[in-house]
Amino acid sequence: MKRSVQLLLALTAALSLAACSTTKPEEEQVDTTAQEDAAAQAEAEALARQRAAEEAERQRIAALLDENVIYFDFDDDSIRSEYVEVLEAHAGYAKSSGKSVVLEGHADERGTPEYNLALGERRAKSVAQLMRTYGVSDSNIDVISFGEESPANPAHNEEAWQENRRVEIKYQ
Amino acid sequence: MKHILKTIAIISISLMALASKAEIQIYITEGRSDARPVAVVPFKFESESAVQAQPPFDFAKIIADDLRRSGKFNPTEISKLPHHPYSIDQVNLEQWRKLGVDGVVYGTVTQTASGNYMVSYDLIDPFNDKAIFSADIADGSYPLIPTSSHLMVLKTKVVDNDNFRWGAHIAADEIYEALTGERGAFATQIAYVEVNRNDPRPYQLFVADSDGFNAKRIFASRSPIMSPTWSPDSSQLSYVTFENGRSEIVIQDIASGQREIVASYKGFNSAPAWSPDGSNMVVVLSKDGNPELYLLELATKRLQRLTRHYAIDTEPSWAPDGKSLIFTSDRGGRPQIYRIRLADKKVDRVTFEGIHNAGAEFTPDGKGIVMVHQANGSYHIAAQDLATGQLTVLTKTTLDESLSIAPNGSMIIYSTVDGGQKVLSAVSMDGRFKARLPATVGEVKAPAWSPFIL
């Protein structure tokens, strides 16, 4: 129940974000040379702005794609809202590149190893479900759980555990 | 807790200087003040061979260390022994009664040829003149003197350099059984996973004797190894390996090293548990969407699905009679222990105390279970009586997991974190005796105690 509510919020946030990003270019028809020059200049500026916006968007996506680890709360497989944009970007990349996504699920060391293997898979499947919502086909998603066996940080403390409760997004 | 002696690092029985590779050491961290006093007299050494060579190990010391490590006995310091008899006619019963020991062990190691030894040893009860061996003594070589009626164990064994320690563990088992009425579990082995991040193949599967000696690496990998478990005849180990990029279940023959992959399905393959008769295994597969228990017939590799629930079902452990299993499931919201009957697949919840119980195993008598129990955010080993439902927390360590029970039900070995390292630890079934078993190199986890080996 908790998970589906978070997912819904995430989708709503993503949709409103998409709505904001569409822009309406302002255009006015005039016939003097000065006005034409000004218009040309305005057009050039608009184009530059558009290019800058596109570049910013490219950089935003690239930054999101750089983020390839999704972290989780203790004994929990719900995706925090902060990762929705990241996963949307990865879904977009998976679709445009045609590459297969490999989702590696991990758990911290607390609790038993075999249960944690199942928990790691549940986390990876939770990420897979959101990526499918963004249009990645099921056949292009591979889920592998490592449970608590492959920690990102081998220390035995709260800081390490936070780093270890994760899904790593990889491409094949 | 006055009756508990704390933090006595009594025995460090690993030959660190000689160990070319990792071994585990055993430190007793919490002993019992009511441990029974026994005396193990240093054995006499004799040689029939022209070239005299001392035996590779101290037979009597191995026995004494085993008895101490059981938590039930407190061997007397050698300097406090009243005299050193080597045979029954030398025993001065009055002196041993005065010392107040429940048993006296003495013996002789005779070198018969280079590297070959004949070991004779006895156990006597100085207070019991109606001990059990009069019939054996009649047809044996011992003279029928009054002292012989105190005999509880009378043995002669032939050993060589390779099985010298094993012979001493068997002797310790015989002495333990004579004194307690319970079968000893010293002549057994422990399998465990060691992680040494400096090694190019950091994940290593070891088999060692129950005292940590004779550690042999039987598999090493660049990828994780999980859940080792013994076949009922203790000739094979099953475990989970990630060597092909994802979890698979293999069976490895310990003597030959031969390996066979028995489960490599889509999703994960985990938690193998051999049936008591060795013909089947219950495994946990997520191939049908989420983790479920499956019965795997080893001869045919045929699968039969046992559980059917959208929750996590894992960590199966067979009842000793082979008719039911306990397993972990979070079908109630949080992980708890459930029991499934094989006949009708009926599932009942077993644990109700605490919000998180997992990784449970039946005790060898089938009357109880031992599990990982979370209380106030800490993970402890706990035992539950199946008839009364009463749960007892046994450990003070806080990140316990991967428990395994000795085949005589006396001791539990488990994995925990201590001093910033993953180490093995042991606790007696009553929780009153505790030991720490760190590795000489790296971290150790996933211990599995072998069945009786004979």
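**Cores and interface in the two-chain model**

The largest nonpolar core, meaning a set of buried Ala, Val, Leu, Ile, Met, Phe, Trp, Tyr and Cys residues joined through C-beta atoms within 7 Å, has 124 residues, and those with the most contacts inside it are Ile63(B), Val105(B), Ile175(B), Val283(B) and Ile412(B). Buried here means that 20 or more other C-beta atoms, placed from the backbone, lie within 10 Å of the residue's own, with exposed at 12 or fewer and partly exposed in between. The biggest contribution to this core, 8 residues, comes from helix α4 (residues 164-180) of chain B. A second, separate core of 20 residues includes Ile79(A), Ala94(A), Ala128(A) and Leu130(A).

Please bear in mind that this is a predicted model, in which local features need pLDDT of at least 70 and side-chain atom pairs count only at pLDDT 80 or more, while totals for chains, interfaces and linings use all residues. Residues are numbered from 1 along each chain as its sequence is written, and chains are lettered from A and ligands numbered from 1 in the order in which they are written.

Turning to the interface, 29 residues of chain B are in contact with 17 residues of chain A, contact being C-beta atoms, placed from the backbone, within 7 Å. On chain B, β12 (225-230), β16 (269-274), β20 (313-318), β24 (356-362) and β28 (401-405) each supply at least two residues of the side that touches chain A, and β24(B) gives the most, with 3 residues.

Chain B overall has 4 helices and 32 strands, taken as DSSP runs numbered from the N terminus (H or I, at least four residues; E, at least two). Of its 454 residues, 48% count as buried.

Methods. Two residues are in contact if their C-beta atoms, placed from the backbone, lie within 7 Å.
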